[in-house]
Structure formats: C-alpha cells, structure tokens
Amino acid sequence: MKKQKKQVKRIEQITQTDQIQQDQGPNRKSEILFDGITEIRDDLIDQARPLPKKFWTGRRFAAAAAAAAVIITGVFATQPLQKQTAAAQTIAEAEYPEPVPYPNQEEYVKKNGAFDDEQYSKAYDAWWEDARAKRELAGNVQGMDGFIRKSAGQFLSSKKAQNTVYSPLNVYMALGMLAELTDGNSRQQILDLLGSEDVMSLREQIARLWDANYYDDGVVTSILAASLWLNEDVPFVQSTMDTLAASYRASSYRGKMGSASFDKCLQDWLNAQTGGLLKEQASGEKMTEDTILALATTIYFRAQWNTKFSASATKEEVFHAADGDLTCKFMHKDECGMTYYWGDQFSAVAQGLEQSGSMWLILPDEGVSPNDLLEDAQAMDFLVSNHRSEWEDRKEALVNLAVPQFDVVSRLDLCQGLKDLGITDVFDMGRSDFSNMTTAIDEVYLSKASHAARVAVDEEGVTAAAYTVMEADAGGAMPQGEEIDFVLDRPFLFVVTGMDGMPLFMGVVQQP
C-alpha cells in the first residue's frame, strides 16, 4: 500500500511543481515542494502501480507548456479511488524496478549537513553504474524497426491538416499483451507485426524494452505501466494473468463491467500513470456490460534539454500552416554547433535531452508535406534509424535554430490501422482465439483499440505521455562550419528518442 501511494505521489510532485512556480514564484515553489516531499497523502490511488521508494533527488524538473500545466495540476482533485476499492479487486500485482537515484550535490549537503566527498563519490558511482548498464542494454535492444516502419505512416498520416502524435513503444507493449491473451492464428498475426518468432521471443523483447526505457532517477523520467481490467462474472486463466504480471509488469483488477465506478477506476489509473496530461481523453475510456476485458499500457516521459533555450529569445513569429498563417511563440538558438542532416525531401537536426536521447526535428522541403515524408522510403529510414550518426548526408554547421513552442495531443482509433497491418482475426468473432484469456466463452473479439498521446515543448524541455486501451467483448457485435537557418515555420515532424535512439514518440505538427 505504501509503495502504491508513493507511486502516484511521485508523478503528482513532478506535475504540480509547474503550477506552483507560475502562481507563487520560484522561491515559494521551493518551500512548498520541500514540504510536500515529507508528506504522503492517504487519498492516492490504490490501484496504481508502485514507483521506486527513492523517488526524489532534489532535482527541479522542467515546466511543461502553460496549457499542459493547467490541466496537470487538477489531476488529483477527483474523488480518491481509496473510497471505491470495492469496485476493483486485485487479481495480480506487478513489481517495478527501483532505479538508483542521481546524487544531487545541493540536496546531499542539505540532508547530511556537510559535503563528504568519499560518500558522495560512492553514491555517484552507483548511479553511474546503473545508468551505464541501461545504456549498454539500450544499445542491444532490437526488433522494433520493422514495426515502427510499418505503423508510423499508418497512424500518423492524416487527410486533414491536424496534429497527430503516436508512441510506437506504447502500442508495441499493448500488442504484446494482446498476443499473450490470444492463441492460434490470432496470436500469429500479432507476432508477425511485432517481428517476433514466438511468444517466448516476444517476452524477452518486452523485458529488454522495459529495462532500457524505464527511468526515474531524478534526471530523466520515463515511466512505463500496464494493467488489465477483468469482468467479475467471467472466469479467467490465472496463469496468463501471472505471466502478464511477471513479463509485462501488468497488474490485473476485476469489477463490474459497465458500472461508472469501474470505469472511474480505469480512468483514474490512466490519469495517475500519465500525470494527467491526457485527462480529457481518458474520460472517454468507458467499458460496457459486454466487455470481457480491457488492457491498458502507458508511458510518461519528462526530460530537460542539454542546453536550454533562453526565454528572453522567445518571440512571436508566423507559422505557415496548411490552412493559413498563424502567429505563435518561437524559441531561438543562434549559431549552435550542430550536425545538420538532409535527404532528398527533408532536412533535420537534433536537440539533445539531458542524460537521455534527443528530440529530432524533421523539416520537409518546400512543397513537401509531412504525409509525403511518411510515404517516402528514405525519410522513413531516417525516422526509424537508431544509427543516424552514420547517415551519409550530414555535416557540422552553425545552426540558427527556431522552434515553435507546441503542445500537441491526439486520440487515434487503431482498429482499422491494425487490420490494414495484418491483424484481422482478433476483430472477427468467428475467427478470433482468446482461449489464453478465458475458456468460459467462445465468441470473444477485439471491439476497441484506442491510443492517445501528448507532447509539450518549451524552453526547458519536453513533457510527453501516451496510453493505449484495448477492449475485448463477447457476443453480439464486431562545431565550426557553414551557417544554416533551420526555421520550423511550416508543418514538420518530430521524433523523441530514448537512450538508444529508438523512437518513444513520433508526431506531426500541422499547427503549433
């Protein structure tokens, strides 16, 4: 119970810090933040997974865009789940890793009263060893390239000039869980899309992805979570629930399908795991009386730029959107020593993230749309590659970078896209095989697959979150160099990568 409370408290501290700074100034922010560290509220969510015990290292996290901060700070004002425990019975509970915290010097002195170089060095070495192990592991994670290549265009392309955001890692995790719940050709179609030979290989891949991308050390926040929501009237295969808890770190809960209280349990869980960034989207996630099971995966990501943008250099400029010009705030860095990349129809640069990967900014050439790039083989090679440093067309340059502040969010229906990618049997009641989930009902099919994601960027860094919810129903229905101006003043693409360069989030900004 204590670990569960700390889990939600951790994300709450990160997100509420933003509004404190805006409302009361930086000094008052520090006072309130320090007071909040020592208090564990009793009204936090019981169903949420536990975060590491050592969740605070004194590092102040970057503020999200103002629009994001307003939504985030209201997350925990809702009725606490602790009063609704009868609505959700825990079937299996997952264990989560506890990253070694970064030893912030200021907080170390505050805690110990004086600076002990030997003790601090030991703490730093322990953190660095853990971080180094993750870097080595991240470099060996393979297998997602094919999935990203196939799915990015499918889920990011839009006939309308609208922003779209997608987390391939998050959807990959959800599909992996779906494979565990199915069998026969239903499972094989999923394995084919995920690039896994069999379910054992998939479990190994999921484990590597978890270990390589789960960070919460006080420098980088990259938190993954998973859960299942079961119909209390349907018997389930317990061994499958245990496998999902062990291999996918997915906790399982049972309750009354179609009830407002059980829906709220799912919605509150999604909000807790994504810092409230997707509260509006999560409020639409509801189950029906016919729902047999819902599965959910989430990712919450937060990192500062290696070198921040100066707020004094931010100014309003014109962005040339597809449906007309608009004025928005642009962040600037002049004469930055960067590597400049280009292809037949695009150019790109990377803005590094502290102790993490990068945000890649991909600008289509004049007359080329983001959709054109998503259909271009060379551009896709660049988007999905985790070896961009080996890209042939690149050079060192002094880049005058101009990036619009943006806060983009989208909610996608994955059903048709998954069918187009070859996953068809699970949607067909006559062909689907969910025997690994339950043997009590024959006619079970996937009735819903939704994905919501949000990425906010400002002078400090990047804040992002995503979730995927899938539901199964029963019966009834179906340095020095050339100086270059890199100005993102028209629709562009972005990719946020992890330590190994693998895309965690991908998106198209049509209107900042």
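## Helices H6 and H7

In this predicted model, a good place to begin is the pair H6 and H7, which pack with their axes 9 Å apart and at an angle of about 150 degrees. An angle over 145 degrees counts as roughly antiparallel, so H6 and H7 are roughly antiparallel to each other. The crossing in which H6 passes H7 is left-handed.

Which residues make this contact? From H6 come Tyr172, Leu175, Gly176, Leu178, Ala179 and Glu180, and from H7 come Arg187, Ile190, Leu191, Leu193 and Leu194. Sorted by character, the residues of the contact between H6 and H7 are eight nonpolar, one polar and two charged.

## What lies over H7

Helix H7 spans residues 184-194, and its buried residues are Ser186, Arg187, Gln189, Ile190, Leu191, Leu193 and Leu194. The cover over these buried residues includes H6, along with helix H5 (145-156), helix H8 (199-213) and helix H14 (415-420). Several names turn up twice here: Arg187, Ile190, Leu191, Leu193 and Leu194 are on the list of buried residues of H7, and they also take part in the contact with H6.

If you follow the chain just past H7, you reach Gly195, which has a positive phi of about 75 degrees.

## H6 meets H9

H6 (residues 168-181) has a further partner in helix H9 (residues 238-247): their axes come within 10 Å and cross at roughly 155 degrees. That angle makes H6 roughly antiparallel to H9. The crossing of H6 and H9 is right-handed, whereas H6 passes H7 in a left-handed one.

On the H6 side the contact is made by Met177, Glu180 and Leu181, and on the H9 side by Thr240, Met241, Thr243 and Leu244. The residues of this contact between H6 and H9 divide into four nonpolar, two polar and one charged. Glu180 of H6 is worth finding in the viewer, as it belongs to the contact with H9 and also to the contact with H7.

## The end of H9 and the loop after it

Ser247 is found in helix H9. Is Ser247 buried or exposed? Neither label fits, because its relative accessible area of 22% makes Ser247 partly exposed. Leaving aside neighbours within four places in sequence, Ser247 is in contact with Arg203 and Ile206. The C-alpha atoms of Ser247 and Ile206 are separated by 7.4 Å, although these residues are 41 places apart along the chain.

Next, look at Arg249 in the loop between H9 and strand E5 (250-255). Arg249 is not a glycine, yet it has a positive phi of about 55 degrees. With a relative accessible area of 18%, Arg249 is buried, since the cut-off for that label is under 20%.

## H5 and H13

H5 is one of the helices covering the buried residues of H7, and H5 also has a contact with helix H13 (residues 377-384). The axes of H5 and H13 come within 10 Å and cross at roughly 130 degrees. H5 and H13 are therefore oblique to each other, and their crossing is right-handed.

Asp145, Ile148, Arg149 and Ala152 of H5 make this contact with Ala377, Met380, Asp381 and Val384 of H13. Here the residues divide into five nonpolar, no polar and three charged.

## Two residues among the strands

Asp325 is found in strand E8 (residues 324-342). At 56% relative accessibility, Asp325 counts as exposed, because that label applies over 50%. Not counting residues up to four places away in sequence, Asp325 touches Val318, Phe319 and His320.

Gln355 is found in the loop between strand E9 (346-352) and strand E10 (358-364). Its phi is near 55 degrees, a positive value in a residue other than glycine. Gln355 counts as partly exposed, at 28% relative accessibility.

## The whole chain

Stepping back, the secondary structure of the protein chain comes to 14 helices and 17 strands. How much of the protein chain do buried residues make up? They account for 59% of the 512 residues. The accessible surface of the chain comes to about 20100 Å², and 45% of that belongs to carbon and sulfur atoms.

Methods
Residues are numbered from 1 along each chain as its sequence is written. This is a predicted model: local features need pLDDT of at least 70, side-chain atom pairs count only at pLDDT 80 or more; totals for chains, interfaces and linings use all residues. Side-chain values use heavy atoms; hydrogens and water are left out. Helices (H or I, at least four residues) and strands (E, at least two) are DSSP runs, numbered from the N terminus. Buried means under 20% relative accessible area, exposed over 50%, partly exposed in between (1.4 Å probe, protein chains only). Accessible areas come from the Shrake-Rupley method with a 1.4 Å probe; for residues, only the protein chains shown count as cover. Axes are lines fitted to C-alpha atoms, for helices over the stretch in contact, and angles run from 0 to 180 degrees between N-to-C directions. Angles under 35 degrees count as roughly parallel, over 145 as roughly antiparallel, 65 to 115 as roughly perpendicular and the rest as oblique. A crossing is left-handed if the near helix is turned anticlockwise from the far one by less than a right angle, and right-handed if clockwise. Contact means heavy atoms within 4.5 Å. Ala, Val, Leu, Ile, Met, Phe, Trp, Tyr, Cys and Pro count as nonpolar, Asp, Glu, Lys and Arg as charged, and the others, Gly among them, as polar.
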